[in-house]
Amino acid sequence: MRRMALFLSPVAAAAGLALGGGTALAAGTTYYVSTTGSDSNPCSQAAPCATIQYAVGVAAPGDTVKVEAGTYNQTVNVTKPLRLVGAGPTKTTIDGHGIDTSALGYYGVVSVQNNPGAGGKIFIGGMTIEHAFVTTAEYDEDIVPSDVSVYDDSNSGDTIQVNNA
């Protein structure tokens, strides 16, 4: 079962969320992530990173993080304008099964939160995102887990686009 749920805080409306319709961003540096990579690598195509969060951390605003085909049992918190692009929704999966991100200060398998720098476009696409973790307390309160979460991104210069086409 493929699903991509989206949770938006009231502040997310100020961040300008757009769903669907692909528009290109200006090209910056591209960083690569692969299931066979290592976070001691430079995140290049020849020597990719292993974790999406590491690649997002080294990327600068306007850069692209290319997540190669495969299934990644990881989560990621995007805190700057960039492109997070998979090899296609049937080829790249970010699966948060069993990962409790609440101690990390963000929620969801892919979270957009707390951009402290200049605003800009955040694009997430070309992948399946699934299996957000929900705690027992949240389950008891009928809180639905969110695969993609936009929360506390009060940077009015951000526009966020999620496109799985």
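How many bridges join β4 to β7, and in which sense do the two strands run? In this predicted model, four bridges join β4 to β7, and the two strands run parallel. Within this pairing, Val 65 has Leu 84 as its bridge partner in β7, and both residues will return below as members of the nonpolar core.

Before following that thread, the overall inventory is useful. The protein has three helices and 13 strands, and of its 165 residues 46% count as buried. Among the contacts with a separation of 6 or more, 64% are accounted for by residues 24 or more positions apart. The accessible surface comes to about 7,800 Å², and carbon and sulfur atoms hold 55% of that surface.

From β7 the parallel pairing can be traced onward. Strand β7, residues 83-86, pairs with β10 in the parallel sense over three bridges, and β10 in turn pairs with β13, again in the parallel sense, over five bridges. Individual residues mark the path: Arg 83 has Phe 123 of β10 as its bridge partner, Leu 84 stands opposite Ile 124 in β10, and Phe 123 stands opposite Gln 161 in β13. In a regular strand the side chains alternate between the two faces of the sheet. In β7, Arg 83 and Val 85 point one way while Leu 84 and Gly 86 point the other way, and all of them are buried. β10 is also mostly covered, with four of its five residues buried.

Which residues touch the most other members of the largest nonpolar core? They are Ile 52, Val 65 and Leu 84, in a core of 27 residues. At least two residues of this core are supplied by each of β3 (30-33), α2 (52-58), β4 (64-67), β6 (76-78), β9 (110-113), β10 (121-125) and β13 (159-163), and the largest share, three residues, comes from the helix α2. In soluble globular proteins, nonpolar side chains tend to be buried together.

Ile 52 deserves a closer look, since a polar residue appears among its contacts. Not counting residues up to four places away in sequence, Ile 52 touches Val 33, Val 67, Tyr 72, Gln 74, Val 76, Leu 84 and Ile 94. Of these, Gln 74 lies in the loop between β5 (70-72) and β6. Is Gln 74 buried or exposed? With a relative accessible area of 12%, Gln 74 falls under the 20% limit and is therefore buried. Its side chain reaches the backbone nitrogen of Ile 52 at 2.8 Å. Leaving aside neighbours within four places in sequence, the contacts of Gln 74 are Ala 50, Thr 51, Ile 52, Ile 94, Asp 95, Gly 96, Ile 99 and Val 109.

The strand that precedes this loop, β5, leads to an open sheet of three strands, in the order β5-β8-β11 and with parallel pairing. β5 and β11 (128-130) stand at the edges with a single partner strand each, so one side of each is left without a neighbour in the sheet. From one strand to the next, the twist averages 15°. Three bridges join β5 to β8, residues 92-95, and these strands run parallel, with Gly 70 standing opposite Thr 92 in β8. Ile 94 and Asp 95, which belong to the residue range of β8, are also among the contacts of Gln 74.

Note on methods:
Residues are numbered from 1 along each chain as its sequence is written. This is a predicted model: local features need pLDDT of at least 70, side-chain atom pairs count only at pLDDT 80 or more; totals for chains, interfaces and linings use all residues. Side-chain values use heavy atoms; hydrogens and water are left out. A nonpolar core is a set of buried Ala, Val, Leu, Ile, Met, Phe, Trp, Tyr and Cys residues joined through side-chain atoms within 4.5 Å. Buried means under 20% relative accessible area, exposed over 50%, partly exposed in between (1.4 Å probe, protein chains only). Contact means heavy atoms within 4.5 Å. Two strands pair if DSSP finds at least two bridges between them. A polar contact is a pair of N or O atoms within 3.5 Å; within protein, one must be able to donate a hydrogen and the other to accept it, and residues adjacent in sequence count only if both atoms are side-chain atoms. Accessible areas come from the Shrake-Rupley method with a 1.4 Å probe; for residues, only the protein chains shown count as cover. Axes are lines fitted to C-alpha atoms, for helices over the stretch in contact, and angles run from 0 to 180 degrees between N-to-C directions.
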